[in-house]
Amino acid sequence: MSSIDRRDFLKLVGAGGVGAGAGFMLRESIKHPTQHLIPYPIPPEEFSPGIATWYNTVCSMCSAGCGISVRTREGRAKKIEGNPAHPVSQGRLCARGQAGLHTLYNPDRLTGPLLRVGEGESGELMPVTWDEGLSQLAGRLNTLRDDGQGNRICFLSEGVRGHLAELFELFVDQLGSSRLLHYDFAHPQTLYAAINRLFGETHLPYYDLRNTRFLLSFGADYLGSWISPVHHGLGFGHSRQGRDEIRGRFVQIEPRMSLSGAAADEWIAANPGTEGILALGLGNHIVSQGGYQGADREEWAASLAAYSVESVATQTGVPAATIARLAETFADTQPSLAIGGGAAGNYSNGVDTLVAVNALNYLVGNLGREGGLVFNPEPIVGRGANASQATYSSMLDLARDARQGEIDVLILNQTNPVFTLPGAADFREALAQIPLIVSLSSFMDETTSMADLILPSHTYLESWGDDFPEPGVGFSAGAISQPVVSPLYDTRATGDIILGLA
């Protein structure tokens, strides 16, 4: 132990006291205002203290449309779980869905309408009443509509389904505008295009992981984030352990290991961007070895002739023996299923890749059968999630029109393209050319910060609505969403805002 004399010790103690005092003063000067946590000793009359009430509704944290049950006590939401009666979630829920309470109680939520006073983004957002905000916007919309300039109004929303989507279409149509776009950064646009090109379907099919015996996944992280991970996780577990003496086998093909790759029976690293070539190589081997005997066999053989196992092995980095083994197992093990998505669908050849992957289901006869690819029926209400979905090119067209002064009013609903679009799109600069931007967002995100008028919406736990999940589960399904708590702030439901404007 090092020695220290008494004089040095006193010096250090003195310096420490000064430092502690300075630290105390600094802490006092920068700390946030005092907030008092007030207990709830006298709850509203309609609630019984200590007794939980459960409300069934629909999760809106992603587009999967899982059913949830929310536990409330004394009128406050406490916990979210999956709804056992809902065909998508079947009582389960992912971490993102569990975190829905953070959206409801987030301290950064917008608590009431705001109007920008001053020029451009330098102006200050000041509180206004709902009547003032709606009147200002309605007056501008009326002027454009009456002057025959309704198409100078654009409505840009996150992807919505059901009656709310129909309300948006009716509202924009009555304004005389054709500019209605739904924009979601993670929307599987290439998969929709591939399914339409291959099968002529406008809706995504149901991939029956639950009953398949052999799954080939080309980049689709079905246990992580692909389309409907809660439902796919249920199917994965049932295929693995839910049937007597039958255990499904899962193979993941991707250049970088995902959550699904870590859980698979076999993980195969293919060179990035070559997943479609590998699928064509599997198809070549299936057809050449007699695994497909359809009437158009000769056409398939001619189309796949260039994708021999040896040439595909060179391009993909997957050994020829592995390709042949996968093709034979996929054809011989029934029912089998091939899925593709994620990174495999995000290359410049993404649509072609997913066409090749889904064509494998056709070659082994797995269309419309249990454990294979099942086509979903038309949604009960609305045209489906992809009907007005914006592509990257259509977003660039919107930015071009804004720069050319062809848009006077832009209404935004819970979407943040300034953040999610690449900088090369210059979307922020384009929005700056629009005279009036209105946001219905619940939070001050990058796009909402540019708005001239903010009319904040309820969160999904405070709103009525309905939802028709897409992709579905192989049969028609729909659910009603209901508020589980009274609105916390001076916000309104999105549909009520639109109806108020109308």
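**Sheet, cores and aromatic pairs**

Strand E1 and strand E2 (residues 67-73) pair in the antiparallel sense over 6 bridges, where helices (H or I, at least four residues) and strands (E, at least two) are DSSP runs numbered from the N terminus, and two strands pair if DSSP finds at least two bridges between them. The model is a predicted one, in which local features need pLDDT of at least 70 and side-chain atom pairs count only at pLDDT 80 or more, while totals for chains, interfaces and linings use all residues. Residues are numbered from 1 along each chain as its sequence is written, and side-chain values use heavy atoms, with hydrogens and water left out.

Within the pairing of E1 and E2, Thr53 stands opposite Thr72 in E2. Both strands belong to an open sheet of 3 strands, in the order E1-E2-E3 and with antiparallel pairing. Its edge strands, each pairing on one side only, are E1 (53-58) and E3 (76-82).

Turning to the interior, the largest nonpolar core (buried Ala, Val, Leu, Ile, Met, Phe, Trp, Tyr and Cys residues joined through side-chain atoms within 4.5 Å) has 31 residues, of which Leu216, Phe218, Ile253 and Leu360 touch the most other members. Two or more residues of this core come from each of strand E9 (214-218), strand E10 (249-253), helix H9 (275-288), helix H11 (309-316), helix H12 (320-332) and helix H13 (350-363). Apart from this core lies another, of 28 residues, among them Leu141, Val160, Leu175 and Leu455. Ile253 is in contact (heavy atoms within 4.5 Å) with Leu216, Ser217, Phe218, Gly219, Ile268, Ala270, Leu278 and Leu326, when residues up to four places away in sequence are not counted.

The structure also holds 10 aromatic pairs, a pair being rings of Phe, Tyr and Trp (its six-membered ring) with centres within 6.5 Å, counted as stacked when the planes are under 30 degrees apart, edge-to-face when over 60, and tilted otherwise. Phe155 and Phe171 have ring centres 6.4 Å apart and planes at 80 degrees, so this pair is edge-to-face. The pair links distant parts of the chain, with Phe155 in strand E6 (residues 153-157) and Phe171 in helix H5 (residues 162-174), 16 residues apart. Phe155 and Phe171 are both buried, that is, under 20% relative accessible area with a 1.4 Å probe and protein chains only, whereas exposed means over 50% and partly exposed lies in between. The rings of Tyr207 and Trp226 have centres 5.6 Å apart and planes at 40 degrees, so that pair is tilted. Tyr207 and Trp226 are likewise buried.
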